[in-house]
Structures are given as C-alpha cells and as structure tokens.
Amino acid sequence: MKEICVIGVGYVGLVTAAGFSDLGNRVMALDINQERVENLRKGILPIYEPGLEEVVSRNVKAGRLSFTTSYAEGLKNAEFAFIAVGTPEGGDGEADLRYVREAAESIAGAMQQPLVVINKSTVPVGTGDWVAEIIRSRLSKPLPFSVVSCPEFLREGSALADFLNPSRTVLGSMDREAADKVAQLHLPLRAPIVITDLRTAEMIKYASNAFLATKISFINEIANICEALGADVKEVASGMGYDPRIGRQFLEAGIGYGGSCFPKDVKALAYMASVQGRNPQLLQAVMDINEDRRRMVIEHVESLAGKLEQSEIGLLGLAFKSNTDDIREAPALWIAAMLRERGAKVRAYDPVAMENAARIMPEIRMCKDPYELADGIDALVVVTDWNEFKQLDLSRIQKLMRKPNLIDGRNIYEPAEMKRLGFHYRGIGRGYNGGNAGAPALAGKKDRTR
Ligand code: NAD
Ligand code: UGA
C-alpha cells in the first residue's frame, strides 16, 4: 500500500484517485473547489462517469479514499503526488498552465518529506522541467523530490475502465529511480510500460491525441468525397478497417471531434510547432476540416428544411460524445448558436448533459424525452451517439414532427429504413445509399473512355 495524493478531482483526478485506491493504496484526493470536496464527502460526484460512484463509495467506506482542500493534509504522508488539474486553451491556442503553476507552488509550500510529483495533466513539452524549477525555487527547506510525466489516455464515458485496462503506461523522467517507483505503482494494471525522458513523454500525449484527431478529420474528408460521388463512408471505413495497419477505430465520420481535449490539444501542439518556427500544415488541415463539419450540419438542415426563420429544430444529444455529461467544446452548442443566429428556435434532449448545457445556453428549450423533442419540429439533428437513441420509436417520432427532416450527424440510423419510415433523411457521407446525391456521373469516366 502506497500513500498517494491526487490533485484535482475532475474527470482525470477523480478517476485516478478512485482507481489507485481500488488497487489498495491510500489516496487523498485534493481540490481547491470547496463545493466539489464537500459534495464528494457526502457521496455526490462532480461528474457523470459510468461505474465511478460505486468505486468511490466502496473505497471511501474502506478508508482508502478521502477528500481534502488542504495541501498540508493532502501531502502529509504522501510519497506520490499526481497533478491532474485542467490545462484549458489559452490565447492563440497556447495551453493555459495557470492551474499547474498554482498546484506546483502549493506543493512546494506544503511538502514535508521527499516526494515524487507526477504530472497527469496534458502539458506542453518542457512543462515538467518548469514544474521542477517552480518547486525547487519555492521549497522552504531543501527536500529531495522528482518530477515524472505520466500522461493520461483515458476517454470520458469509459474513464474508469480505461484507467483499469490501459493500453500502455508512459512514464518520462530525468530520474530513472523515480520513474521506476511510479512504474511499480502501475504494475497491477498489467499494461506495457514505456519509460523515457520527460519531454518525450509529454510529446507522446500530444502526438497520440493529434493522431486520433487526424484519423477523424481524414474520414470526414473521405465522407465529403463519398457524398459527392455516391459512395457510403460507413462501408468504406469498414473495408479500410480490416487492414491492421489502419484499424477500424476512430473512423466514424460525423459532425467532427469536440470535447475538452482534442480541440485544445491539437491547437496547443500546432502552437508549440509555430513558436519553434515549424509549419504544422497537417495539424492545420485537421483543425480546418473539423470546423467545416459543423457548418456542414447547418447546410444539411437548410437544404432539407428550407429557410430557418420561424422554424424549430430539435437536437438529439448535447454532450460532446455519448456516456458523458461533458459539454466542453460540444458541437451541439456551436450548432445551436448557428441555428439561432439564422432565426430558428432550438430545443434539445440529452440523457445527462441538459443541466450543464442549460447553464451555458438557457435559451435552448430542454425536453423531457425524445418524443417531446420531436413534437412539431421542422428538423431533427442527431448530435450525440447515445445508445438509447438507437432504440427510439422512430415511426412515432416521424409522425410527431411537423416536417420529417432527419439529419443523422452520427450515422446511427440506416438510410433505407429511415426512408421507409417516411423521413427525409441525410446521413454523413452516405452518398447514394444515404440519398445525399443522385447517382452521380462516374468520377474520371471521361478520361478513362478517351
Ligand atoms: P477538470 O476540469 O474536469 O478537473 C480539473 C480539477 O482541477 C477541477 O476540479 C479544479 O477545481 C481542480 N483544480 C484546479 N486548480 C487546482 C489547484 N491549484 N489545486 C487543486 N485542484 C485544482 O479537468 P480534466 O478533464 O480532469 O483534465 C485534467 C487534465 O487531464 C487536463 O490537462 C486534460 O487535458 C487532461 N486529460 C483529460 C482527459 C479527459 O478525458 N477529461 C483525458 C486525458 C487527459
Ligand atoms: C480523447 C482520447 O480518446 C483519449 O485517449 C484522451 O485521453 C482524451 O481525449 C484526452 O486527452 O482528454 P475523449 O475526448 O474523452 O478522449 O473522447 P473520444 O472518444 O476520443 O472522442 C473525442 C471526440 O471525437 C468526440 O467528439 C467524438 O464524438 C469524436 N469522434 C471519435 C468522432 O467524431 N469519430 C470517431 O471515430 C471517434
């Protein structure tokens, strides 16, 4: 059993704290947000994450997990301190490191014994060295400490499962002994462990997120071409995915990536490159394609529903992806704002994200279920791929709508079936099958027949 302090009780911090306590360690989870800590002490979680409540409650009861707002209390017995605070987008795409700086300063102010400081937040390359410098310069007495980078790869919606079954653990440090100690902590997870230097570990995180975002923008570009030429991107992705060099994952075409990470991390990597005089051409294209996706949704709505003034549009889903209540950088918010700008009224339904969305966009009418959402609207847009949306009584929905226009931003429905039910249906990149185009002339036919 090790003594661990986890700083930040958001998506990453709370899952890390719950996960390590479940592995038998004693964990103090620390946050400066008093309300969050007080609620956690009462068993109320600040985020929705499947399975997390049960693991938190089990470990609190077992005395392995507790919560504090005090760095002195959090670090009292700790051998390890994980930093898991937010690193949101600052100006120009640069990551805003103010919370990391504050955490490092607080660690230095409260540390009473040797400590391994482990950075889990996604931070620009070089931040680990900077954190070490902050701590060194602020320690009131000389105490040994090391900084290890341990980037997190979990996904929201399956965060706990991802923590417990990671694809790999990446550790970066200039102090091999400290990295080995952190490796020991992760051994029960039985994942491959990559030990490298600090900066390389920090870069592995950005490169991984940027690569996944690139896959999404790539398939979205292919979807555009499919739409024009009458091919079906879903089948294209399946056909490509069997090649193990390509893989089927992250080839879902749709309304583009959102969330608290891909948008900010691709921007931050591009910013890092630009500052060093490098031209991040591919990253720029990835971001441009992603922005176009949201505009494309509006175009689809307009082409089916006509002028948006006086119309009412329903959004099925608000969260940036399924199984989360997170609406940071959610495409739904952008789409709602664009629709409203064009004179449409917007209503929405989401199983868990309505409360968060209502705080930011109170002008969206929140509905109690998908049927209230559909009643009398001019178009329905599938924004989030919640499983429960795949099981709806679509015939009832079709009848409830004023105009049966269905824009399936996540390709969760089958075009032929939707047409049979009487919808005017648009999928993404479903080409001829999706009814997005007639049967277009064969591309290149002119040349080939010459
Ligand atoms: P979050 O916003 O959900 O949580 C951050 C928490 O840190 C908040 O509760 C906040 O009150 C707390 N905090 C801020 N400053 C603090 C301080 N000085 N001391 C103590 N607590 C403080 O953030 P998140 O989504 O968990 O992301 C955290 C980091 O992990 C980010 O760098 C993010 O890029 C990275 N990451 C996130 C995910 C994800 O799925 N959300 C996955 C991998 C990596
Ligand atoms: C992503 C990564 O998958 C995690 O490995 C990483 O740890 C995390 O970012 C992070 O650094 O925060 P997350 O943002 O939770 O996780 O969600 P994803 O499942 O990756 O989805 C991101 C966005 O891409 C969502 O909007 C999703 O709808 C979209 N997406 C995903 C697609 O449009 N197509 C796909 O094929 C896959």
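**Strand β10 and a neighbouring topic, the second largest pocket**

In β10, lysine 345 is the bridge partner of glutamate 312. This is a predicted model, and that pair is a good place to enter it.

Follow the pairing outward. Strand β9 covers residues 312–316 and runs parallel to β10, with 5 bridges between them. The connection goes through a helix. β9, helix α13 (residues 331–341) and β10 form a right-handed β-α-β unit.

Now turn to β11. This strand, residues 365–366, also pairs with β10 in the parallel sense, over 2 bridges. Here alanine 348 stands opposite methionine 366 of β11. Again a helix links the strands. β10, helix α14 (residues 354–360) and β11 make a right-handed β-α-β unit.

What does this leave for β10 itself? The strand spans residues 345–349, and 4 of its 5 residues are buried. Buried means under 20% relative accessible area. β10 is therefore largely enclosed by the rest of the structure.

Next, the second largest pocket. It holds about 240 Å³ of space. Two elements give two or more residues each to its lining: α11 (262–275) and α12 (281–305). The largest share comes from α12, with 7 residues.

Which residues line the second largest pocket? Among them are Tyr257, Pro263, Lys267, Gln284, Met287 and Asp288. Asn290, Glu291, Arg294 and Arg295 also belong to the lining, as do Glu329 and Trp334. By class, the lining has 6 charged, 4 nonpolar and 2 polar residues.

Methods:
Residues numbered from 1 in each chain as written. Chains lettered and ligands numbered in written order. Predicted model: local features only at pLDDT ≥ 70, side-chain atom pairs only at ≥ 80, totals over all residues. Heavy atoms only, no water. Buried < 20%, exposed > 50% of the residue type's maximum accessible area, 1.4 Å probe, protein only. Helix = DSSP H or I, 4+ residues; strand = E, 2+ residues; numbered from the N terminus. Pairing = 2+ DSSP bridges. Right-handed = clockwise from strand over helix to strand, strands pointing away. 1 Å grid on protein atoms, 1.4 Å probe; cavity = no way out; pocket = protein on both sides within 12 Å on 5 of 7 lines; lining within 4 Å. Points joined across faces, edges and corners; volume = space filled by probe spheres on them. Nonpolar A, V, L, I, M, F, W, Y, C, P; charged D, E, K, R; others polar.
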